[in-house]
Amino acid sequence: PSDDMTPVVYAQKAGIFRKHGLDVQINRMTSGAAVAAGVLSGAFDFGKSSVTTVLEAREKGITFTVVCAPVIWDPKAVYGAFIVAKDSPLQTGKDFNDQLVAVAALGDIGAIALTAWVEQRGGSAKAIRFVEVPFPAAAAAVEAGRVAAAEISNPAMAVALESGKFRTIPAYDGIG
């Protein structure tokens, strides 16, 4: 689902977990919020979630143990962005007013980043409408015109950009 999971998948396929007595099962989830709910319910012992989900839980009195941060934002090595159709008129924050935008999870880091980016560039964060779409389905949603823009992460982002049908909006710069 995202490049930051590559080491985990590699370790499982290479038998590294098993070698050290761990029975690791990898379950794909649609968002960090879904993973956190799975950990909280006891369905999972461990999971990869998002910082915003962990912080929001903390505000509600629910604590998680953070083992490590999976990514660090570096604008020179972008791992995720928002994509729009190559010929899309969306350029500035104001252009996002009254648009439907796909994010991996409502209220998650992508939505926070885009709303900050839009506000910094003359738009109104309150005028954006969000819908949840998993990263692997983001490009198809934009291409079909179901959303004006979509949050996406590698490897799906690399595939979408290689097609020549999309360009990025560097919304994570709004908080990066």
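Start with P7, which counts as exposed because its relative accessibility is 54% (exposed is over 50% relative accessible area, buried under 20%, partly exposed in between, with a 1.4 Å probe and protein chains only). P7 sits in helix α1, residues 6-13 (helices are DSSP runs of H or I with at least four residues, strands are runs of E with at least two, and both are numbered from the N terminus). From P7 to F64 you cover 57 residues in sequence and 22 Å in space, C-alpha to C-alpha.

Before going on, keep in mind that this is a predicted model, where local features need pLDDT of at least 70 and side-chain atom pairs count only at pLDDT 80 or more, while totals for chains, interfaces and linings use all residues. Residues are numbered from 1 along each chain as its sequence is written, and side-chain values use heavy atoms, with hydrogens and water left out.

Now have a look at the second largest pocket, with its volume of about 200 Å³. It is lined by 14 residues, and A33, A36, T53, E56 and A57 are the ones nearest its centre. Helices α3 (32-41) and α4 (51-59) are the elements that give two or more residues to this lining. By type, the lining splits into 8 nonpolar, 3 polar and 3 charged residues. (A pocket here, on a 1 Å grid over the protein atoms alone, is an open set of points where a 1.4 Å probe fits, with protein on both sides within 12 Å along at least five of seven lines; lining residues have an atom within 4 Å of a point.)

E56 turns up again in a salt bridge with K60, where the closest N and O atoms are 3.3 Å apart (the cut-off is a side-chain nitrogen of Lys or Arg within 4 Å of a carboxyl oxygen of Asp or Glu). E56 is partly exposed because its relative accessible area is 42%, whereas K60, at 60%, is exposed.

How many salt bridges does a search of the whole structure find? The search finds 2. Besides E56 and K60, there is a salt bridge between E143 and K165, with the closest N and O atoms 2.8 Å apart. That pair links distant parts of the chain: E143 belongs to helix α6 (residues 135-143), and K165, 22 residues away, to the loop between α7 (156-162) and β5. K165 has 44% relative accessibility, so it counts as partly exposed.

A little further along is P170, in the segment after β5 (166-169). P170 counts as partly exposed because its relative accessibility is 38%. Compare its position with Y10: the two are 160 residues apart in sequence and 29 Å apart in space, C-alpha to C-alpha.

On the surface, I109, I112 and I175 form a nonpolar patch with about 210 Å² of accessible area together (patch residues have over 30% relative accessible area and no salt bridge, and nonpolar side chains are joined within 5 Å). I112 is in helix α5, residues 109-120, and at 36% relative accessibility it counts as partly exposed.

Finally, a couple of backbone details. N154 and P155 are joined by a cis peptide bond, with omega about 10°, and P155 lies in the loop between β4 (149-153) and α7. D98 has a positive phi of about 65° although it is not a glycine. You'll find D98 in the loop between β1 (80-85) and β2 (100-103), where it is exposed, with a relative accessible area of 59%.

How values were computed. Grid points are joined across faces, edges and corners, and a volume is the space filled by probe spheres set on the points. Ala, Val, Leu, Ile, Met, Phe, Trp, Tyr, Cys and Pro count as nonpolar, Asp, Glu, Lys and Arg as charged, and the others, Gly among them, as polar. Patches are made of residues with over 30% relative accessible area and no salt bridge: like charges are joined within 9 Å, nonpolar side chains (Val, Leu, Ile, Met, Phe, Trp, Tyr) within 5 Å. Accessible areas come from the Shrake-Rupley method with a 1.4 Å probe; for residues, only the protein chains shown count as cover.
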